[in-house]
Amino acid sequence: MLGSLCLLWLLALTLSVPKAQPLTPQDFEEEEEDETVSTPFLAVPCDYDRCRHLQVPCNELQKARPVACLCPGLSSPARPPDPPRLGEVRIVAEEGRAEVHWCAPSSPVHHYRLLLWEGSGAPQKGPLLNTTVRRAELKGLKPGGAYVVCVVAGNEAGESRVSQAGGEDLEEVSFPAFGPCGRLTVPPRPVTLIHAAVGVGTALALLSCVALIWHFCLRERWGCPRRAATAQAAGAL
């Protein structure tokens, strides 16, 4: 009796176990698709350049992507910005202007401003520029003039620091190579050089004419020494 019960139990257990089904290539493709869908998007660095003119703020670049990109680190907004880095300064002597380029600091910035010194005294302050600007113009520069230009960044906590550029002698002030300030020397205009050359040439021509006139006047008054000596020799003969 006991043997019959064991046999029935084994038979029932065999029938209840599901048969293994072979896997097809379609099953593998479905598994790969599931893994692809479940893989999360990886964050990448934002297309943000500190030196690019009209650069869109990085927080706005983050909003334009399905997954927020990575922005460069910034200092605390509760402190003034670090100084920007002054870049290329392109001078147009013929028009008396210069184009100044800079790079943003690693700080929250609400505006930029240019400062211009000409000799001692207070600087000339340019208008406030928004955070996307990295290039501005200086106008009204004098030919042959020497200036000091600085770029300042500001936020709610204050403005970035600059060197003491407004001293008695600008030639003695030294600026770091990657700092916010630099010297600006405007060369003389080419038209001015041409006028100077024409003036010098005219003056030399006038002096030559005066010397010739003076020479002939003296000759008419006192006579030519060689001609007088020849006449005396002829009379003696």
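K142, in this predicted model, counts as partly exposed because its relative accessibility is 47%. The side chain of K142 meets that of E118 in a salt bridge, with an N to O distance of 3.6 Å, and E118 is likewise partly exposed, at 38% relative accessibility. The two partners come from distant parts of the chain, 24 residues apart: E118 sits in the loop between β3 and β4 (124-125), whereas K142 sits in the loop between β5 (135-139) and β6 (146-155).

**Salt bridges**

- The count of salt bridges comes to eight, and the pair of E118 and K142 is one of them.
- Side chains of opposite charge can pair when their charged atoms come close.
- Salt bridges with shared partners connect R90, E99 and R135 into one network.
- Within that network, R90 forms a salt bridge with E99, and the closest N and O atoms of this pair are 4.0 Å apart, a value that still qualifies because the rule accepts a nitrogen within 4 Å of a carboxyl oxygen.
- R90 has a relative accessible area of 39% and is therefore partly exposed, and E99, at 22% relative accessibility, also counts as partly exposed.
- A further salt bridge joins R52 to D47, where the closest N and O atoms are 3.4 Å apart.
- In this pair R52 is partly exposed at 34% relative accessibility, while D47, with a relative accessible area of 58%, is exposed.

**Overall architecture**

- The protein chain holds five helices and eight strands, and from the N terminus on its elements follow the order α-α-α-β-β-β-β-β-β-β-β-α-α.
- Of the 237 residues in the protein chain, 24% are buried.
- The accessible surface of the protein chain comes to about 17100 Å², and carbon and sulfur atoms account for 61% of this area.
- When contacts between residues at least 6 apart in sequence are considered, 65% of them join residues at least 24 apart.

**Nonpolar cores**

- The largest nonpolar core has 21 residues, and the members with the most contacts inside it are V100, W102, Y112, L114, L138 and L141.
- Strands β2, β3, β5 and β6 are the elements that give two or more residues to this core, and β6 gives the most, with four residues.
- Apart from neighbours within four places in sequence, L141 is in contact with G96, R97, A98, L116, Y147, L184 and V186.
- There is also a second, separate core of seven residues, which includes W117, V148, C150 and C181.
- In soluble globular proteins, nonpolar side chains tend to be buried together.

**The aromatic pair**

- One aromatic pair is found when the whole structure is searched.
- The ring centres of W102 and Y112 lie 5.6 Å apart and the ring planes meet at 50°, so the pair is classed as tilted; the reason is that this class takes the angles left between stacked pairs, under 30 degrees, and edge-to-face pairs, over 60.
- This pair too links distant parts of the chain, since W102 belongs to strand β2 (residues 97-103) and Y112 to strand β3 (residues 111-117), ten residues apart.
- Both ring-bearing residues are buried, W102 at 0% relative accessibility and Y112 with a relative accessible area of 1%.
- W102 and Y112 also appear among the residues with the most contacts inside the largest nonpolar core.

**Polar contacts of R113 and D49**

- R113 is found in strand β3, and a polar atom of its side chain lies 3.2 Å from the backbone oxygen of G126.
- Not counting residues up to four places away in sequence, R113 touches K125, G126, P127, L128, C150, V151, V152 and E159; of these, C150 is included in the second nonpolar core.
- D49 lies in the loop between α2 (25-38) and α3 (58-63), and it counts as partly exposed because its relative accessibility is 34%.
- The side chain of D49 reaches the backbone nitrogen of C51 at a distance of 3.1 Å.
- The C-alpha atoms of D49 and C103 are separated by 8.6 Å, although the two residues are 54 residues apart along the chain.

Notes: Residues are numbered from 1 along each chain as its sequence is written. This is a predicted model: local features need pLDDT of at least 70, side-chain atom pairs count only at pLDDT 80 or more; totals for chains, interfaces and linings use all residues. Side-chain values use heavy atoms; hydrogens and water are left out. Rings of Phe, Tyr and Trp (its six-membered ring) pair if their centres lie within 6.5 Å; planes under 30 degrees apart count as stacked, over 60 as edge-to-face and the rest as tilted. Buried means under 20% relative accessible area, exposed over 50%, partly exposed in between (1.4 Å probe, protein chains only). A polar contact is a pair of N or O atoms within 3.5 Å; within protein, one must be able to donate a hydrogen and the other to accept it, and residues adjacent in sequence count only if both atoms are side-chain atoms. Contact means heavy atoms within 4.5 Å. Accessible areas come from the Shrake-Rupley method with a 1.4 Å probe; for residues, only the protein chains shown count as cover. A nonpolar core is a set of buried Ala, Val, Leu, Ile, Met, Phe, Trp, Tyr and Cys residues joined through side-chain atoms within 4.5 Å.
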